[in-house]
Amino acid sequence: MLFVGDDWVEDHHGVELMDDTGRRLAKARLPEGVAGMARLHAMFGEQLGEDAADQVVIGIETDRGPWVQALIVAGYRVFAINPLQASRYRERHGVSGAKSDAADAHVLADMVRTDSHQLRPVAGDSAQAAAIKVVARAHKTLIWERTRHAQRLRHSLRDYFPAAREAFEDLTAADTLELLAKPPDPASAAKLTVAQIAAVLKRARRRCIADKAAKIQAALRTERLGQPEIVVSAYAARVRSAAAVLAVLNEQITALQGQVEAHFGRHPDAKIILSRPGLGPILGARVLAEFGDDRTRYVNAKARKNYAGTRPITRASGKKKVVLARYIHNDRLVDALGVQAFAALQASPGARLYYDELRAREVSHHAALRQLANRLFGILHGCLKTGTLYDEAAAWSHRVEKLAA
């Protein structure tokens, strides 16, 4: 067997080849791209000869990208090692804290040599699932960016134009951004007429336009403590640029939403996922993107729950035993699971009953949602494994009598 540590850094790969005894056979610094991959294949051939792909085991700190895909297509066994795992394993070789690309490649090679049975191979997800992951993550990232920019805008308004914060409930709405961009200073905003405000609300297709326009005008004309004129003009420029950025983010989020729905709708697992309570096309796409569609990736429901981060961990030492929530997890997946669990309270009577039982035992709201999400994704694993749609009675069969009562 040939064990390989591949330390990917920016535009190159630090590679070390190791035999069964841990002896270094070769090392190299390879460029990213076709030339680097060709040289890597040549290094394997020099050690094993031709057609020996099944004897190569590779450890690398990523599970995506053209380089990883090329390794998988070539038939090598590839393990995606979490950087935190590699960092902890490095301490077995030395506690000085020294670090280099060559040393990292050595650590990765040694990890797959000694602990490959404990590591997770790169999942064989389909190209459809990979495409969904790209657009779903991009869509969620833009939403997070919009939230960050909206918070910055809110803080700017607090410092020089607090009336705008009271006048506009949603700082990311199209009508709010248009009104803020035109008169971004208190004096100009106070001169807006009801007709001008109503025109903007009409373009945004708002309801009760007359009442809302009068309310906004009254809020903008409220007397407030002010800043020097030159400071106000500086803040106004900042707010105008922030409004422009938010407008572009809104446009691109809408465009990516269409892409997410289109890609997800074509996946064969979409029907099963959409049958579940609390999951629509966008949230369902995020769940599919993060879990992947490789049927062999999770050996059982417990493994899927562990990856999701909903299953608790136990710390036991002597007479002390503590059960805690997992704080190291996939943030995107946990976010989607929390939203789905909350939505399922309205869509699933069984989920609602389970949540109420937890709350009756004085479990906190967030902990109850986490346990509900854990239960729901155990059910999801069964549905995907058997290829069946979600069935409320079957999913909560142990509570059917309570539901009927």
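## Burial of the Tyr160 and Tyr235 side chains

A residue is termed buried when its relative accessible area is under 20%, exposed when the value is over 50%, and partly exposed in between. Because its relative accessibility is 3%, Tyr160 counts as buried. Tyr235, at a relative accessible area of 18%, is also buried. These values, like the others in this report, were computed from a predicted model.

## Aromatic pairs

The structure contains eight aromatic pairs. One of them is formed by Tyr160 and Tyr235: the ring centres are 5.1 Å apart and the planes meet at 5°, so the arrangement is stacked. This pair joins distant parts of the chain, as Tyr160 belongs to helix α5 and Tyr235 to helix α11, with their positions 75 residues apart in the numbering. Both partners fall under the 20% limit for buried residues, with Tyr160 at 3% and Tyr235 at 18%.

A further pair consists of Phe291 and Phe377. Here the ring centres lie 5.4 Å apart and the planes are at 50°, so the pair is tilted. Phe291 lies in helix α13 (residues 281-291) and Phe377 in helix α17 (residues 365-386); the two are 86 residues apart, and the pair therefore links distant parts of the chain. Phe291 and Phe377 are both buried.

## Ring cluster and charges over rings

Phe291 and Phe377 also belong to a cluster, which ring pairs build together with Tyr298 and Tyr307. Two rings of this cluster have an arginine charge placed over them. The charged end of Arg276 sits over the ring of Phe377, 5.3 Å from the ring centre. For the ring of Tyr307, the charged end is that of Arg297, at 4.9 Å from the centre.

## Packing of helix α7

Helix α7 spans residues 174-181, and its buried residues are Asp175, Thr176, Leu177, Leu179 and Leu180. These buried residues pack against four helices: α5 (127-160), α6 (162-167), α9 (194-203) and α11 (229-265). Among these partners are α5 and α11, the helices that carry Tyr160 and Tyr235 of the stacked pair.

## Strand β1 at Val9

Val9 lies in strand β1, which covers residues 2-9. Is Val9 buried or partly exposed? With a relative accessible area of 23%, Val9 is partly exposed. Val9 and Glu32 are separated by 23 residues in sequence, and their C-alpha atoms are 9.3 Å apart in space.

Notes. Residues are numbered from 1 along each chain as its sequence is written. This is a predicted model: local features need pLDDT of at least 70, side-chain atom pairs count only at pLDDT 80 or more; totals for chains, interfaces and linings use all residues. Side-chain values use heavy atoms; hydrogens and water are left out. Buried means under 20% relative accessible area, exposed over 50%, partly exposed in between (1.4 Å probe, protein chains only). Contact means heavy atoms within 4.5 Å. Rings of Phe, Tyr and Trp (its six-membered ring) pair if their centres lie within 6.5 Å; planes under 30 degrees apart count as stacked, over 60 as edge-to-face and the rest as tilted. A charge sits over a ring if NZ of Lys or CZ of Arg is within 6 Å of the ring centre and within 35 degrees of the ring normal.
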